[in-house]
Amino acid sequence: MGEKYTIKSWRCPTEKKPDFSARFDFEPTTKFFDQLSFIGDPAVCCFLLETTEGLVLIDAMNPEQRYMDAIVKGIRDTGYELTDLKHVVISHGHGDHYGLADELRKASGAKIYLFEGDHELAKKPMGPFAPMDYPVDVYLTDGMDLCFGDTVIHCVETPGHTDHCMSFIFPVTDEGRPHMASLWGGTGLNYGVNMFTYLKSVDKFELACADYRVDVEISNHPPVDNGIERLNVVRNITNGVPNPFVIGQENMHYYFNKFRTMCSEALKIWPDGIARPQMPGAPEKEKDCV
Ligand SMILES: [Zn+2]
């Protein structure tokens, strides 16, 4: 192997032993692949993807200063400046995902990407979030490939959580080992979600993930997939310890089955397939949906 194969390590030195007994202390930035970092908190997060064409941010969290500070810190922690941010790709038109998009665009010059139908949704008042009353630079479409330097993000429209929720598939490496990551843009059964539409999207995205040999899943709401616990492992990981976000192609089916089970339980309560506020954990009313 020549020097050109040198990989910049993100893992702790092996002499630093993992301490899984440590109390969970949430750091806003965690690098967990060679070019992918988590930024956020246990409620909501975004992902910073490093490419040869600059930085890509997938989602932009709530419009709160502490989240803006976390993004700026996260970019600096990974060795970049805010002006290196070139693209802000939004999964769907809820304010906890597009919240800081415009502020980031103004600060960095980055372009904003979102499905047109969800831009229309985001223009309407919803809960505590300001409407998205500003333009989107690029409208996403189903099957679109976003080519950012050496990285291609494949977009899959997965309606359900919102009418035009977008999910993404893109390559990552872990200490040089290639993997394919998936991010389902919206997993919650909010007020008014049509569960039959949602279930079709589960099938659609699972097939797309199989086509792309996806073996990594991440979520923009960490509680959905034990992301918090897995990040805690990642923060103490050493060489030789499997990355807990690499679940393997064969286990993707079990990940998707979690959502099928969630829907089948909800259908027992609402056989017409429309989620209502009484759903455990669901928002009290439509305007609170996120
Ligand atoms: Zn949402």
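**Exercise 1.** In this predicted model, determine through how many residues a hairpin joins β2 to β3, and how the two strands run.

*Solution.* Step 1: the hairpin connects β2 to β3 through four residues. Step 2: the two strands run antiparallel and are joined by five bridges. Step 3: one specific pairing is that of serine 37, whose bridge partner in β3 is leucine 48.

**Exercise 2.** Establish how β1 is attached to β2.

*Solution.* Step 1: β1 and β2 run antiparallel, with four bridges joining them. Step 2: they form a hairpin that has two residues between the strands. Step 3: within this pairing, threonine 29 has isoleucine 39 of β2 as its bridge partner.

**Exercise 3.** State the strand order of the sheet and identify which strands lie at its edges.

*Solution.* Step 1: the open sheet consists of seven strands in the order β1-β2-β3-β4-β5-β6-β7, with mixed pairing. Step 2: β1 (29-33) and β7 (138-140) each pair on one side only and are the edge strands. Step 3: on average, neighbouring strands are turned by 25° against each other, direction ignored. Step 4: a parallel pair is found in β4 (residues 54-58) and β5 (residues 85-89), which share four bridges.

**Exercise 4.** Are the residues on the two faces of β2 buried or exposed?

*Solution.* Step 1: in a regular strand, side chains alternate between the two faces of the sheet. Step 2: Leu36, Phe38 and Gly40 lie on one side of β2, Ser37 and Ile39 on the other. Step 3: all of these are buried, and both faces are covered. Step 4: helix α1 (residues 65-77) packs on the sheet and touches β2, among other strands, its direction making about 155° with that of β2.

How values were computed
Residues numbered from 1 in each chain as written. Predicted model: local features only at pLDDT ≥ 70, side-chain atom pairs only at ≥ 80, totals over all residues. Pairing = 2+ DSSP bridges. Axes fitted to C-alpha atoms, helices over the stretch in contact; angles between N-to-C directions. Contact = placed C-beta atoms within 7 Å. Buried ≥ 20, exposed ≤ 12 C-beta atoms within 10 Å, placed from the backbone.
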